[in-house]
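Biologist: Could you walk me through this one? Let's begin with the rings and then move on to the charges.

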Amino acid sequence: MATESGDKPTLHHLSNSQSQTILWLLEELEIPYNLNLVEREKNRAPESLKKTHPLGKSPQLTTASGRIIVERSAITAYLIETYDSAGKFKVSGSDEAHDTWREQELVGFAEASFNLTALTAMMFYYTKVLSPFFIRPLVSAVSAMMHVGYLDKELDAQLKYMNGLLEGQEFFMSNGNPTRVDFIMLFFVQTVHQSKVVNISPYPNVKAWHDRCVDRPAWKRSIEKGNGYWLGL
């Protein structure tokens, strides 16, 4: 664990969590930062994280001035606005498809619409897999009804939408580097992809985008510096 310094931001980073994408962004920015590695306790965030924020969740960013920022949308906005002086990870603003309002719209889609569907699918998947064997058939039947009646159609519609957004470009709002949308979206896609709740191969642009993100040197460095990242069972 690195010690804190007044002239650098500090990321309080929980293993196997969405904090990994903030660590990725820090590596992309190539700025000095401190890294406080936090391990899960019984697969939960430890009480120690409540010392820096009452919710006790991760990621948490302590700014160079000592302010605590939580929630990835706020942290990514702060880091890019504060440290991306060259504009590598900012939207171009060249048209309505690449302006800040579109960026905020897609961040909202990722955090609200897609996250809710992915989280519901994950909840039913884990309930089915981890339930005692004598009630598993009942739980599996309920899960199947939810998938047929709602989840499969909703996930398909949302992934097709994302696949269309990526047509002809490498990232959601850029052909050169990821923007806030990519830093936010990757975790939600990986929750259903790594757990095999959803096969993203039928959405080739989404699959290529995912592989492109995790093939970036900064992502690989973030994995090396972190303390574990796996979202499946």
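Modeller: To fix the term beforehand, rings of Phe, Tyr and Trp (its six-membered ring) pair if their centres lie within 6.5 Å, with planes under 30 degrees apart counted as stacked, over 60 as edge-to-face and the rest as tilted. This is a predicted model, in which local features need pLDDT of at least 70 and side-chain atom pairs count only at pLDDT 80 or more, while totals for chains, interfaces and linings use all residues. Residues are numbered from 1 along each chain as its sequence is written, and side-chain values use heavy atoms, with hydrogens and water left out.

Biologist: Fine, so how many aromatic pairs are there by that rule?

Modeller: The count comes to nine aromatic pairs. In one of them, Y78 and Y83 sit edge-to-face, at 6.4 Å centre to centre and with 85° between the planes. The rings of W219 and Y229 are also edge-to-face, since their centres are 5.7 Å apart and their planes stand at 75°.

Biologist: Where do W219 and Y229 lie in the chain?

Modeller: W219 lies in helix α7 (residues 217–225) and Y229 in the segment after α7, so the pair ties together parts that are 10 residues apart in sequence; helices here (H or I, at least four residues) and strands (E, at least two) are DSSP runs, numbered from the N terminus. W219 has a relative accessible area of 5% and is buried, and Y229, at 13%, counts as buried too, where buried means under 20% relative accessible area, exposed over 50% and partly exposed in between (1.4 Å probe, protein chains only). Both rings belong to one aromatic cluster together with W24, F89 and F183.

Biologist: Switching to charges, how many salt bridges does the search find?

Modeller: Eight salt bridges turn up in the whole structure, each being a side-chain nitrogen of Lys or Arg within 4 Å of a carboxyl oxygen of Asp or Glu. One of them joins K225 and E27 at 2.8 Å, N to O, and this pair links distant parts of the chain, with K225 in helix α7 and E27 in helix α1, 198 residues apart.

Biologist: Is E27 buried or exposed?

Modeller: E27 is buried, at 5% relative accessible area, whereas K225 is partly exposed at 41%. E27 and K225 are linked with R221 in a network of salt bridges.

Biologist: And what about K207, which residue does its side chain meet?

Modeller: K207 meets D211 in a salt bridge of 2.7 Å, N to O. The two are separated by about one helical turn, because they are four residues apart in helix α6 (residues 204–214).

Biologist: R72 caught my eye; what is the nearest side chain of opposite charge?

Modeller: That is E111, 5.4 Å away, and R72 has no salt bridge although it is buried. R72, which is found in helix α2 (residues 72–83), does make a side-chain polar contact of 2.8 Å with Q18, a polar contact being a pair of N or O atoms within 3.5 Å, where within protein one must be able to donate a hydrogen and the other to accept it, and residues adjacent in sequence count only if both atoms are side-chain atoms. R72 also lies over the face of F188, 5.0 Å from the ring centre, the rule being that NZ of Lys or CZ of Arg is within 6 Å of the ring centre and within 35 degrees of the ring normal.

Biologist: Which residues are joined by a cis peptide bond?

Modeller: S58 and P59 are, with omega at about 10°, and P59 lies in the loop between β2 (34–38) and β3 (60–62).

Technical notes
Lys, Arg positive; Asp, Glu negative; His and termini not counted.
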